[in-house]
Amino acid sequence: MPEEKLAKAPKIIQCCPECGGNRLMRDYDVAEIVCMGCGFVVAEKLTDEGPEWCAFDREQMAKRTRVGAPTSPRVHDKGLSTKIGWFYWDIYGKGLSPEQRYQLNRLRKWQHRIRLSDPTERSLAFSLSEISKAADKLNLPKNVRDGASVIVRKAAKGRLIRGRSVAGITAAAIYIECRQAKLSRTLEEIAQASNIDKKDVGRDYRFLVKELGYFIPPPEPAQYVTRLLNQLNVQGTVEEIAHKILIRTKELKLTAGRGPTGIAAAATYIASYLGGDKKTQREIAEMAKVTEVTIRNRYKELVRRLMFVVTL
DNA sequence: AAGACGAAAGTGGTTGA
DNA sequence: TCAACAACTTTCGTCTT
């Protein structure tokens, strides 16, 4: 591509659109540009331009040079197929005539059709784009997206999607990944981000876990507490107390059979009270997505059982 | 007046026959 | 498939700060 065309390439971002900071880091392991100030993902799907081999002389260099981008589980053909570019100039950088443009468009259209002609491929492509959409809404990191993609692939390979909705299986895969990565996303949030009924996602989730033989431990209240405290804008002492409470709660096995969000909310309530930054039950209930009644029941229980144990 | 409390009835999911 | 069950929610009247 000639110089003047190169100049048309997307401009390299210099500062974070979120916080305005200029400490941007390229992380090739997860293929992202991340702001070191606020953690905002500025760009993703980077291609590592460098070679993964070493050459010690010209001969080796010539031998080892080859082309091709790294594969990605997030594209339905793992990014291995050829794609016709979007631009309208030839290899010399000269513009195309209207007829040539028309031809190019037809080529693109047909290539797209051929690439996605197999129904399995098509549903896989759909599913992977859904993962990407939902993951954007939920702010999920790369590894979770990739993991979810792998699960969907496994499901497709094992013919587990037959008779079920692709969207449901996709959402379930995301949920499995979140649970495995110990991310505090509830089934409800994922169902919402994917526009599917919570019940359906739950059903497909249980089905996939069973069929693919996953072992997923129940979520721990501690996973939810950190996010809850962030949403409520409290740190410091309250945070410390909340975690202390949860450690004791776990030791005394008070979590058995109880919803982790309820326990997290109750611990937060107690901690905010003791830490001198009191939040109302309603505030916490709203953030934790449980009712005030549940907070009351849990926190009474915790206070009763922990009173003699915790030295706060 | 806002927040907390608790009783009572209702809901949705799990379990075991 | 169905009933029993525990956890949780909804609702609402009452008490406390």
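**Figure 1. Where the protein meets DNA strand B.** Helices H8, H12 (281-288) and H13 (292-306) each put at least two residues into the surface near DNA strand B. H13 gives the largest share of that surface, with three residues. This is a predicted model, so read every distance in these legends as a computed one. The residues lining up around DNA strand B are Lys199, Arg206, Tyr269, Lys278, Thr280, Gln281, Arg282, Arg296, Tyr299 and Lys300. Sorted by class, that makes six charged, two polar and two nonpolar residues. On the DNA side, sugar or phosphate holds 70% of the strand B atoms within 4 Å of the protein, and bases hold the rest.

**Figure 2. Side chains at the phosphates of DNA strand B.** Zooming in, we pick out three residues whose side chains meet phosphate oxygens. Tyr299 has a side-chain N or O atom 2.7 Å from a phosphate oxygen of DNA strand B. For Lys278, a polar side-chain atom sits 3.3 Å from a phosphate oxygen of this strand. Lys300 joins in too, with 3.5 Å between an N or O atom of its side chain and a phosphate oxygen of DNA strand B.

**Figure 3. The surface near DNA strand C.** Now for the other strand. Around DNA strand C we find Gly257, Arg258, Gly259, Val290, Thr291, Val293, Thr294 and Arg298. Of the strand C atoms that come within 4 Å of the protein, 84% are sugar and phosphate. By class, this surface has four polar, two charged and two nonpolar residues. Two of the side chains here have polar atoms beside phosphate oxygens. In one, a polar atom of the Arg258 side chain is 2.9 Å from a phosphate oxygen of DNA strand C. In the other, the Thr291 side chain has an N or O atom 3.1 Å from a phosphate oxygen of the strand.

**Figure 4. Ile270 on helix H11.** Ile270 belongs to helix H11, which runs over residues 260-274. Ile270 counts as buried because its relative accessible area is 11%, under the 20% cut-off. Beyond its sequence neighbours within four places, Ile270 is in contact with Ile245, Tyr299, Leu302 and Val303. One of these partners, Tyr299, is also the residue with a side-chain N or O atom 2.7 Å from a phosphate oxygen of DNA strand B. Gln281 comes 11 residues away from Ile270 in sequence, and their C-alpha atoms are 9.9 Å apart in space.

**Figure 5. Ser272, also on helix H11.** Ser272 lies in H11 as well. With a relative accessibility of just 1%, Ser272 is buried. A polar atom of the Ser272 side chain lies 2.9 Å from the backbone oxygen of Tyr269. Setting aside residues up to four places away in sequence, Ser272 touches Val238, Asp277, Lys278 and Lys279. Lys278 turns up again in the surroundings of DNA strand B, and so does Tyr269.

**Figure 6. Inside the largest nonpolar core.** This core has 36 residues, and the ones touching the most other members are Leu140, Ile174, Ile176, Ile190, Tyr205 and Leu208. Five helices each supply at least two of its residues: H4 (119-138), H5 (142-157), H6 (166-180), H7 (187-193) and H8 (198-211). H6 gives the most, with nine residues. A second, separate core holds 28 residues, among them Ala266, Tyr269, Ala271 and Leu302. For a closer look at the largest core, follow Leu208: not counting residues up to four places away in sequence, Leu208 touches Ile151, Ala155, Leu160, Ile169, Ala172, Ala173, Ile176, Gly213 and Tyr214.

**Figure 7. Thr186, between two helices.** Thr186 is found in the loop between H6 and H7. Its relative accessible area is 19%, so Thr186 counts as buried, given a cut-off of under 20%. Leaving out residues up to four places away in sequence, Thr186 touches Tyr175, Tyr224 and Thr261.

**Figure 8. Chain A as a backdrop to the close-ups.** The secondary structure of chain A comes to 13 helices and three strands. Of its 312 residues, 37% are buried. Among the contacts between residues at least 6 apart in sequence, 58% join residues at least 24 apart. Chain A exposes about 20,000 Å², and carbon and sulfur atoms supply 54% of that area.

Methods:
Residues are numbered from 1 along each chain as its sequence is written. Chains are lettered from A and ligands numbered from 1 in the order in which they are written. This is a predicted model: local features need pLDDT of at least 70, side-chain atom pairs count only at pLDDT 80 or more; totals for chains, interfaces and linings use all residues. Side-chain values use heavy atoms; hydrogens and water are left out. A nonpolar core is a set of buried Ala, Val, Leu, Ile, Met, Phe, Trp, Tyr and Cys residues joined through side-chain atoms within 4.5 Å. Buried means under 20% relative accessible area, exposed over 50%, partly exposed in between (1.4 Å probe, protein chains only). Helices (H or I, at least four residues) and strands (E, at least two) are DSSP runs, numbered from the N terminus. Contact means heavy atoms within 4.5 Å. A residue is near a molecule or strand if one of its heavy atoms lies within 4 Å of it. A polar contact is a pair of N or O atoms within 3.5 Å; within protein, one must be able to donate a hydrogen and the other to accept it, and residues adjacent in sequence count only if both atoms are side-chain atoms. Ala, Val, Leu, Ile, Met, Phe, Trp, Tyr, Cys and Pro count as nonpolar, Asp, Glu, Lys and Arg as charged, and the others, Gly among them, as polar. Accessible areas come from the Shrake-Rupley method with a 1.4 Å probe; for residues, only the protein chains shown count as cover.
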